Number of protein chains: 2
Amino acid sequence: MKKYKNGEIWEFEQQMGSGGRQVILGLDGGTTSTVCICMPVLPFSQPLPDPLPVLARSVAGCSNHNSIGESAARETLEQVMADALSNSGSNRSNVGAVCLAVSGVNHPTDQQRILNWLRDIFPSHVRLYVQNDAVAALASGTMGKLHGCVLIAGTGTIAYGFTEDGREARAAGAGPILGDWGSGYGIAAQALTAVVRAYDGRGPETMLTSSILQTLELSAPDELIGWTYLEPSWARIAALVPVVVSCAEAGDQVANNILLDSVQELALSVKAVVQRLGLGGEDGKNSFPLVMVGGVLEANRRWDIGKEVINCISKAYPGTLPIRPKVEPAVGAALLAWNFLTNETQNEVGTKR
Amino acid sequence: MKKYKNGEIWEFEQQMGSGGRQVILGLDGGTTSTVCICMPVLPFSQPLPDPLPVLARSVAGCSNHNSIGESAARETLEQVMADALSNSGSNRSNVGAVCLAVSGVNHPTDQQRILNWLRDIFPSHVRLYVQNDAVAALASGTMGKLHGCVLIAGTGTIAYGFTEDGREARAAGAGPILGDWGSGYGIAAQALTAVVRAYDGRGPETMLTSSILQTLELSAPDELIGWTYLEPSWARIAALVPVVVSCAEAGDQVANNILLDSVQELALSVKAVVQRLGLGGEDGKNSFPLVMVGGVLEANRRWDIGKEVINCISKAYPGTLPIRPKVEPAVGAALLAWNFLTNETQNEVGTKR
């Protein structure tokens with residue numbers, strides 16, 4: 001194992017004996033927070049225990065390299081892994097596999113860059129996997145199996161899918177500048193825009209004006225400009241989604257149209273992925289899991305965005321099987337690491353025979 | 001005159017004698033650059049000389065307090081004014097009036113805050129005016145008269161208008177998050193989005209894909225995400241407008257639709273201002289100046305966005321008189337300062353009689 005420069009992060013290992021059981025690490029790194037789960041390596045041949053045996057869970061802040069830069073993201077990820085190992089009484093030699101599922105992995109070069117520095121941290125026997133965080137979310141609904149499609153709609157949105165033979169496709173997830181209009185940020189930015197347009201005469205009056213100004217404790221729409229650019233945080237804007245839903249529920253047509261557009265956009269992302277992968281089969285009627293994750297889809301109110309999205313997708317693909325995951329994405333990442341390890345080990349056994 | 005803490009900016013004044021002719025300062029401060037013009041005070045009763053007598057012109061970088069913060073913006077503005085005075089052989093006691101027209105003045109509190117620190121710099125006899133930079137652009141087309149409407153469409157967009165009796169109104173200018181879709185940034189962001197949507201199956205194929213990738217020297221659409229978030233600069237994205245225009249001219253339907261939408265958005269901003277101020281009179285047929293400013297409107301190509309915007313506005317308001325200014329907005333700001341000074345002086349004379 002290479003001596004890594006941030007050696008102090010791993011000082012706890014010096015107080016530990018050698019030996020101990022083999023563990024896996026699953027990591028879900030997003031723009032808001034980062035979670036790491038440490039689980040024992042489960043027997044390959046048996047069904048998954050319920051509940052899953054989680055040895056430790058650690059939490060840190062943002063680990064999206066697009067938001068905070070490469071080295072800060074890297075330090076956050078390394079620290080959260082060290083915390084999970086330390087809390088579970090394990091060290092790096094006990095690790096069988098790591099699955100790092102982080103937002104901002106949009107291109108093979110992103111994946112390779114992260115793999116390179118991850119390689120420096122762990123002993124050479126450790127299997128390392130780097131994925132977009134959407135893949136962990138999918139696995140959290142399918143208990144580690146990469147098949148079907150996941151739709152995430154929180155501050156941002158992305159649809160990501162896999163066929164059983166390992167082909168993959170994604171849609172959206174390109175961030176707020178590149179038109180993720182169905183996202184929480186997209187919904188809220190359109191609501192703020194509608195307020196400005198009503199104020200300057202470009203658009204119809206809307207209940208969003210009084211509701212949003214009251215929520216933000218502002219006295220006039222022209223103060224929205226200062227508020228919006230005060231802090232460059234997409235999440236701060238996305239936090240206005242419940243106000244938009246309330247206005248739509250109260251009958252405001254502008255708010256209602258924004259939510260209807262959002263439903264169309266979210267459904268379109270899923271349909272694009274399902275179409276490209278042929279998940280619905282030749283007649284579009286094959287069944288496949290659709291994992292639904294994120295605040296926008298979990299609202300569970302009278303105006304239920306998630307339910308409307310499912311209705312819209314089911315019209316095109318009646319075999320859609322919606323799943324609301326019972327475990328968090330970091331557990332999905334750990335299950336992925338376990339699945340990858342299982343497959344590789346079985347292949348190796350097969351090769352040796 | 002108060003001793004201002006940045007005294008070194010004004011050290012040049014110690015080498016100058018007292019006396020000298022009275023001058024005015026006009027300042028146009030934007031996100032890209034800041035220009036200050038020093039002109040002599042012109043006789044009130046005569047028509048404006050052509051060309052205008054400009055004593056000095058100085059240039060600096062960004063002075064938008066939303067972009068670079070209050071104190072950096074303030075220092076830029078103070079330095080550029082000192083440079084213009086120094087170059088014209090004048091000092092602060094020679095100044096009759098200053099018009100500071102800066103972007104980011106969206107609310108009376110912005111105006112008051114700037115006036116307060118401007119008051120600290122100049123002797124008490126100097127008349128001070130703070131305006132949104134759109135007002136200087138209007139004045140650059142009307143030679144200092146505040147009447148009619150200005151449409152600016154560069155990286156951002158805003159429409160701003162005045163009636164002859166001093167009422168004012170604006171539309172758009174709320175920045176990229178709050179839906180300035182007709183702007184250069186808006187056009188380019190929609191083009192980038194169209195490329196992502198074509199790539200992931202959510203939208204139709206478009207020539208924008210190859211044209212934009214070639215311009216940015218990227219090899220695949222998924223690299224656009226990294227490119228977009230590499231630098232938080234709206235201007236960098238807006239620089240892609242000519243690529244969109246070329247694709248539309250070559251017959252690409254996606255690019256064409258983006259430009260048509262932009263024309264509608266820009267025309268809507270102007271119509272909202274004209275409507276609220278009643279510039280077209282009761283039957284909508286009164287004539288009023290429409291000053292057109294900014295890279296998006298000055299393209300002068302086969303697909304001429306500015307011409308299409310004028311056509312669209314003229315259908316609703318046949319008295320629209322389009323003006324392409326011959327002088328820069330900083331000169332407009334200086335003419336404004338001169339006009340304000342003229343009006344106040346004439347009112348004072350009137351009162352004394």
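At 33% relative accessibility, A:Arg113 is classed as partly exposed in this predicted model. The side chain of A:Arg113 is engaged in a salt bridge with A:Asp110, in which the closest N and O atoms lie 3.5 Å apart. A:Asp110, by contrast, is buried, its relative accessible area being 10%. Both residues belong to helix H3 of chain A, which spans residues 108–121, and because they are three residues apart there, about one helical turn separates them. In an α-helix, which has 3.6 residues a turn, residues three or four places apart point the same way. The pair is part of a wider arrangement, since salt bridges with shared partners join A:Glu70, A:Asp110 and A:Arg113 into one network.

Further salt bridges were identified elsewhere; a search of the whole structure returned 22 over all chains. One of these, in chain A, links A:Arg167 to A:Asp165, with 3.9 Å between the closest N and O atoms. Of its two partners, A:Asp165 is exposed, at a relative accessible area of 61%, whereas A:Arg167 is partly exposed, at 43%. In chain B, the side chains of B:Glu328 and B:Arg57 meet in a salt bridge with an N to O distance of 2.6 Å. B:Glu328 is located in the loop between strand S10 (320–323) and helix H12 (329–352) of chain B, and B:Arg57 in strand S3 (residues 56–60) of the chain, so this pair ties together parts that are 271 residues apart in sequence. Both ends of the bridge count as partly exposed: B:Glu328 has a relative accessibility of 25%, and B:Arg57 one of 45%.

The two chains share an interface. The contact draws on 36 residues from chain B and 37 residues from chain A. Between them, chain B and chain A bury about 3100 Å², and carbon and sulfur atoms account for 60% of this area. On the chain B side, the residues that lose the most area to chain A are B:Ile177, B:Leu178 and B:Tyr229, which together make up 24% of what that side buries.

Polar and charged interactions also cross this interface. Two salt bridges were found between chain B and chain A. A salt bridge between the chains joins the side chains of A:Arg197 and B:Glu265, at 3.0 Å from N to O. In addition, 14 residue pairs are in polar contact across the interface of chain B and chain A, with both residues at pLDDT 80 or more. Several elements of chain B, namely strand S8 (168–172), H5, helix H7 (223–230), H8 and H10, each supply at least two residues of the side that touches chain A. The largest share of that side, eight residues, is provided by H5(B). Classified by residue type, the side of chain B that touches chain A comprises 19 nonpolar, nine polar and eight charged residues.

Helix H9 of chain B was examined for its packing. This helix covers residues 241–249, within which B:Val241, B:Val243, B:Val244, B:Val245, B:Cys247 and B:Ala248 are buried. The buried residues of H9(B) pack against five helices of chain B: H5 (184–200), H6 (208–216), H8 (234–238), H10 (253–277) and H11 (305–316). Just after H9(B), B:Gly251 adopts a positive phi of about 100 degrees.

Within chain A, the domain assignment distinguishes domain 1, formed by 7–143 + 328–352, from domain 2, formed by 176–323. Taken over C-alpha atoms, the centres of domain 1 of chain A and domain 2 of chain A are separated by 32 Å. The contact between them involves four residues from domain 1 of chain A and four residues from domain 2 of chain A. About 330 Å² is buried between the two domains, and carbon and sulfur atoms give 83% of that area. On the side of domain 1 of chain A that touches domain 2 of chain A, two residues are nonpolar, two are polar and none is charged. Across the interface of these domains of chain A, zero salt bridges were found, and zero residue pairs were found in polar contact with both residues at pLDDT 80 or more.

Technical notes: Residues are numbered from 1 along each chain as its sequence is written. Chains are lettered from A and ligands numbered from 1 in the order in which they are written. This is a predicted model: local features need pLDDT of at least 70, side-chain atom pairs count only at pLDDT 80 or more; totals for chains, interfaces and linings use all residues. Side-chain values use heavy atoms; hydrogens and water are left out. Domain bounds come from an automatic or database domain assignment. Contact means heavy atoms within 4.5 Å. Buried area is the accessible area (1.4 Å probe) that two parts lose on being put together, summed over both. A salt bridge is a side-chain nitrogen of Lys or Arg within 4 Å of a carboxyl oxygen of Asp or Glu. A polar contact is a pair of N or O atoms within 3.5 Å; within protein, one must be able to donate a hydrogen and the other to accept it, and residues adjacent in sequence count only if both atoms are side-chain atoms. Ala, Val, Leu, Ile, Met, Phe, Trp, Tyr, Cys and Pro count as nonpolar, Asp, Glu, Lys and Arg as charged, and the others, Gly among them, as polar. Buried means under 20% relative accessible area, exposed over 50%, partly exposed in between (1.4 Å probe, protein chains only). Helices (H or I, at least four residues) and strands (E, at least two) are DSSP runs, numbered from the N terminus.
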